[in-house]
Amino acid sequence: MKRIAIAIILAGSALAQDRDFLTADEVDQVRLAQEPNDRLKLYIEFAKLRVSLIEQLISKEKPGRSALIHDTLEDYQNIIEAIDTVTDDALKRKAAVDEGVKAVAAAEAHMLASLKKIQDAAPSDLSRYRFVLDQAVATTQDSIDLSSEDLGKRAAGVEAKDAQEKKEREAAMSEGERSEKQQAAKKEAGKKSKAPTLLRPGEKMPDQK
């Protein structure tokens, strides 16, 4: 199954110009995995496939392999970043992600070791993808650090960052935009405070007549 999946990734890399970092089948799988722990485990499997593909490409010197290694490393890095985004979004919604984060931390440790092994081996065409390899290593290490952090502390950090970004967005608004936002908030608050009724316009309850 892994060989088939890698073949699909290779075919997609060869055909796509404006590439998505996931295959069409992987995108469908992500859509179906609504629970954050399940989604994290899926992303980890996708990342493992990319590392396996890179290792296969590294093992045999073939013309054009450096471009494939470069693109696969970019895709891998995007997957790791997606893992962190899914985790942070789940924490923001107070969703449990303990199981997924544990799986992420264990898998990323192995993948980081594989990427560092490639760095140390210094393949003959390393200069063509050294930058993205270094970036992939750094991104994986950052993600491992996040995964090892206490989830309560990480959730608090996510909330603080979200509040700061909201404050910065509001500060960048023009006076007109700020006024429109305030009016919309007041209108929404008025809708929520007004009790729903089945009475027609102008009708009153019997004790109000």
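**A helical chain and its side-chain pairs**

Alanine 122 has its place in the loop between α5 and α6 (130-147), where helices (H or I, at least four residues) and strands (E, at least two) are DSSP runs numbered from the N terminus. The model is a predicted one, in which local features need pLDDT of at least 70 and side-chain atom pairs count only at pLDDT 80 or more, while totals for chains, interfaces and linings use all residues. Residues are numbered from 1 along each chain as its sequence is written, and side-chain values use heavy atoms, with hydrogens and water left out.

Although alanine 122 is not a glycine, its phi is positive, at about 45 degrees. Most residues other than glycine have a negative phi. With a relative accessible area of 44%, alanine 122 is partly exposed; buried means under 20% relative accessible area, exposed over 50%, and partly exposed in between (1.4 Å probe, protein chains only). A positive phi is also found at lysine 94, near 65 degrees and again in a residue other than glycine. Lysine 94 sits in the loop between α4 and α5, and at 62% relative accessibility it counts as exposed.

Around these two loop residues stands a chain whose secondary structure comes to eight helices and zero strands, so that, read along the sequence, the pattern is α-α-α-α-α-α-α-α. The protein chain has 209 residues, of which 33% count as buried. Its exposed area is about 13600 Å², with carbon and sulfur atoms supplying 53% of it; accessible areas come from the Shrake-Rupley method with a 1.4 Å probe, and for residues only the protein chains shown count as cover. Among contacts (heavy atoms within 4.5 Å) between residues at least 6 apart in sequence, 72% join residues at least 24 apart.

Glutamine 77 offers a local view of such contacts. The residue lies in helix α4 (residues 65-92) and counts as buried, at 13% relative accessibility. Leaving aside residues up to four places away in sequence, glutamine 77 touches Val132, Gln135, Ala136 and Thr139. The C-alpha atoms of glutamine 77 and alanine 138 are separated by 9.3 Å, although these two residues are 61 residues apart along the chain.

Charged side chains come next. Side chains of opposite charge can pair when their charged atoms come close, and a salt bridge is taken here as a side-chain nitrogen of Lys or Arg within 4 Å of a carboxyl oxygen of Asp or Glu. A search of the whole structure finds seven salt bridges, and one of them joins lysine 48 to glutamate 45, with the closest N and O atoms 3.5 Å apart. Because lysine 48 and glutamate 45 are three residues apart in helix α3, about one helical turn separates them. Both are partly exposed, glutamate 45 with a relative accessible area of 41% and lysine 48 at 33% relative accessibility.

Another salt bridge spans a longer stretch of sequence: aspartate 88 pairs with arginine 154, and their closest N and O atoms are 3.0 Å apart. Aspartate 88 lies in helix α4 and arginine 154 in helix α7 (residues 151-171), so the pair ties together parts that are 66 residues apart in sequence. Arginine 154 is buried, with a relative accessible area of 3%, whereas aspartate 88 is partly exposed at 22%.

Lysine 94, already met for its positive phi, meets the side chain of glutamate 159 in a salt bridge of 2.5 Å, N to O. This pair links distant parts of the chain, with glutamate 159 in helix α7 and lysine 94 in the loop between α4 and α5 (98-121), 65 residues apart. Glutamate 159 is partly exposed, with a relative accessible area of 35%.

The last feature is aromatic. A pair of aromatic rings is described by the distance of the centres and the angle of the planes. Rings of Phe, Tyr and Trp (its six-membered ring) pair if their centres lie within 6.5 Å, and planes under 30 degrees apart count as stacked, over 60 as edge-to-face and the rest as tilted. By this rule the count comes to one aromatic pair. Its members are tyrosine 43 and phenylalanine 46, which are arranged edge-to-face, 6.2 Å centre to centre and with 85 degrees between the planes. Since tyrosine 43 and phenylalanine 46 are three residues apart in helix α3 (residues 36-59), they are separated by about one helical turn. Tyrosine 43 is buried, and phenylalanine 46 is buried too.
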